[in-house]
Amino acid sequence: MKISIIGSGMVGTSIAYACMIKSIVREISLVDINKDLAEGNALDLSHGNPYIPSPVEINGGDYETTRGSDIVVITAGRPQKPGESRLELTQDNARIVAQATKETLRYCENPVFLIVSNPVDVMTWAAWKASGAPRSSVIGSGTTLDTARLRQGIAEHCHIDPRSVHAYVLGEHGDTEIVSWSSANVGGISISDFCSSCPKNSECRRDDEFRQIFEDTRDAAYRIIEKKGATYYGIGLAVSRVIQAILRDEHTVLNISTVHEDFGGLRDVAFSVPTVIGRKGAERPLPLKLSDEERKGLMRSVRTIHETIESIRGQLQEG
Ligand code: NAD
């Protein structure tokens, strides 16, 4: 029941906070290249212990504090510099993620890696490559957050509890992600049947409304970053949910990113599909039932991730 979080910035600290107040871990270690930041955040969080159901041992420091972790969460990375290309940032962050993966393996035996740093699908591949671990034990937060945004959007529109909405964002966590509307349902009823039974059906312009919900989901990070500079609370809660599913061996279905052996002829590419999660990490992806258009969209998305992986592969191997 010990987790370590590498990168004690806004996202790393939000994950720690969410795990603490939900009492899903016994021990948390925070590591950051800025050791003072990790230590300061650990101290600050520890002062909440008297007010949560189950106190958590929390330390900040260097990699030695990660010893014996069941899960290693990686949120380390650096922000984009003005004028810098996305590829340059990707190369640097892949180096950071690969190094963090190798360092933690000196202190932790067979941990599940949970990657959050962006671009998360490419970083998941980088961690998998660096770790030499089985595919099942390297997970990316993938589209867990996007899926939550989608469910919340549908829930608000339909005046229904978001937990009763089952709809998934697939593919890249980013601009090419898609929604599987053909499998979306509310309480087990297909979304189209649910809409037909809605008292407001005659006045609802469903196609336009759903297109807007998808665009708002896909572009949410841009909107939030424009308003407050970064996103962290939503991802903190989403990642804490994945951590809970692993530590409690829940066999829960969540939309996480894993390195798939083959998709449409593309090998070793990480992307998100609904996946059963338990104590060892990703147990198995669920088979997808998609319309032709959705399948084409997913293929486009996976190809985009694959191209980015190919563009940094050499550099990562040299490193
Ligand atoms: P942040 O700048 O607040 O924190 C990043 C931290 O990483 C910093 O404290 C920095 O000192 C640390 N760091 C940098 N290099 C390091 C290294 N070599 N070793 C250890 N620590 C190192 O950024 P943030 O807002 O916390 O975001 C972190 C990452 O999470 C970013 O890549 C961001 O894009 C990503 N993110 C992902 C999602 C998602 O859904 N996957 C959502 C939000 C943010």
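The following dialogue works through selected features of a predicted model.

Q: Which residues come nearest to the ligand?
A: The ligand has 21 residues around it, and those that come nearest are Met 10, Val 11, Asp 32, Val 116 and Asn 118.

Q: What is the make-up of the shell around the ligand, in terms of nonpolar, polar and charged residues?
A: Ten residues of the shell are nonpolar, ten are polar and one is charged.

Q: Which polar atoms of the protein lie opposite oxygen or nitrogen atoms of the ligand?
A: Here one separates backbone from side chain. On the backbone side, a polar atom of Met 10 is 3.1 Å from a ligand oxygen, and a polar atom of Val 116 is 3.1 Å from a ligand nitrogen. On the side-chain side, a polar atom of His 173 is 3.2 Å from an oxygen of the ligand.

Q: How much of the accessible area of the ligand does the protein cover?
A: On its own the ligand has 860 Å² of accessible area, and the protein covers 80% of this. Two elements give two or more residues to the shell, namely helix H1 (10-21) and helix H3 (86-105).

Q: How should the buried residues of a helix be read, and which are they in H7?
A: The general idea is periodicity: an α-helix has 3.6 residues a turn, so residues three or four places apart point the same way. Helix H7 (residues 206-218) has 13 residues and spans 18 Å from first to last C-alpha, close to the 18 Å expected at 1.5 Å a residue. Its buried residues include Phe 210, Ile 213, Phe 214 and Thr 217. These four residues lie on the same side of H7 because they cover an arc of only 95° around the axis.

Q: What is unusual to look for in the backbone, and where is a cis peptide bond found?
A: Most residues other than glycine have a negative phi, and most peptide bonds are trans. In this model the bond from Asn 118 to Pro 119 is cis, with omega near -10°. Pro 119 belongs to the loop between strand S5 (112-115) and helix H4 (120-131). Asn 118 is also among the residues that come nearest to the ligand.

Q: Which residues other than glycine have a positive phi?
A: Ser 23 is one of them, with phi near 50°; this residue is in the loop between H1 and strand S2 (27-31). His 251 is another, with phi near 55°, and its place is the loop between helix H9 (233-247) and S12.

Q: Is His 251 buried or partly exposed, and how does one decide?
A: The decision rests on relative accessible area: under 20% is buried, over 50% is exposed, and values in between are partly exposed. At 44%, His 251 is therefore partly exposed. Thr 252, in strand S12 (residues 252-263), has 16% and so counts as buried.

Q: Which side chain does Thr 252 contact?
A: The side chain of Thr 252 makes a polar contact of 2.8 Å with that of Glu 250.

Q: What polar contact does the side chain of Ser 4 make?
A: Ser 4 is located in strand S1 (residues 2-6) and is buried, at 0% relative accessibility. Its side chain makes a polar contact of 2.7 Å with the side chain of Ser 69.

Q: Where is Asp 161, and which side chain does it join?
A: Asp 161 lies in the loop between helix H5 (144-158) and strand S7 (165-166). With a relative accessible area of 30%, Asp 161 is partly exposed, and a polar contact of 2.7 Å joins its side chain to that of Arg 163.

How values were computed:
Residues numbered from 1 in each chain as written. Predicted model: local features only at pLDDT ≥ 70, side-chain atom pairs only at ≥ 80, totals over all residues. Heavy atoms only, no water. Near = heavy atom within 4 Å. Polar contact = N/O pair within 3.5 Å; in protein donor to acceptor, adjacent residues only side chain to side chain. Areas by Shrake-Rupley, 256 points an atom, 1.4 Å probe, with all protein chains shown as cover. Nonpolar A, V, L, I, M, F, W, Y, C, P; charged D, E, K, R; others polar. Expected span 1.5 Å × (residues − 1). Buried < 20%, exposed > 50% of the residue type's maximum accessible area, 1.4 Å probe, protein only. Arc of directions from axis to C-beta.
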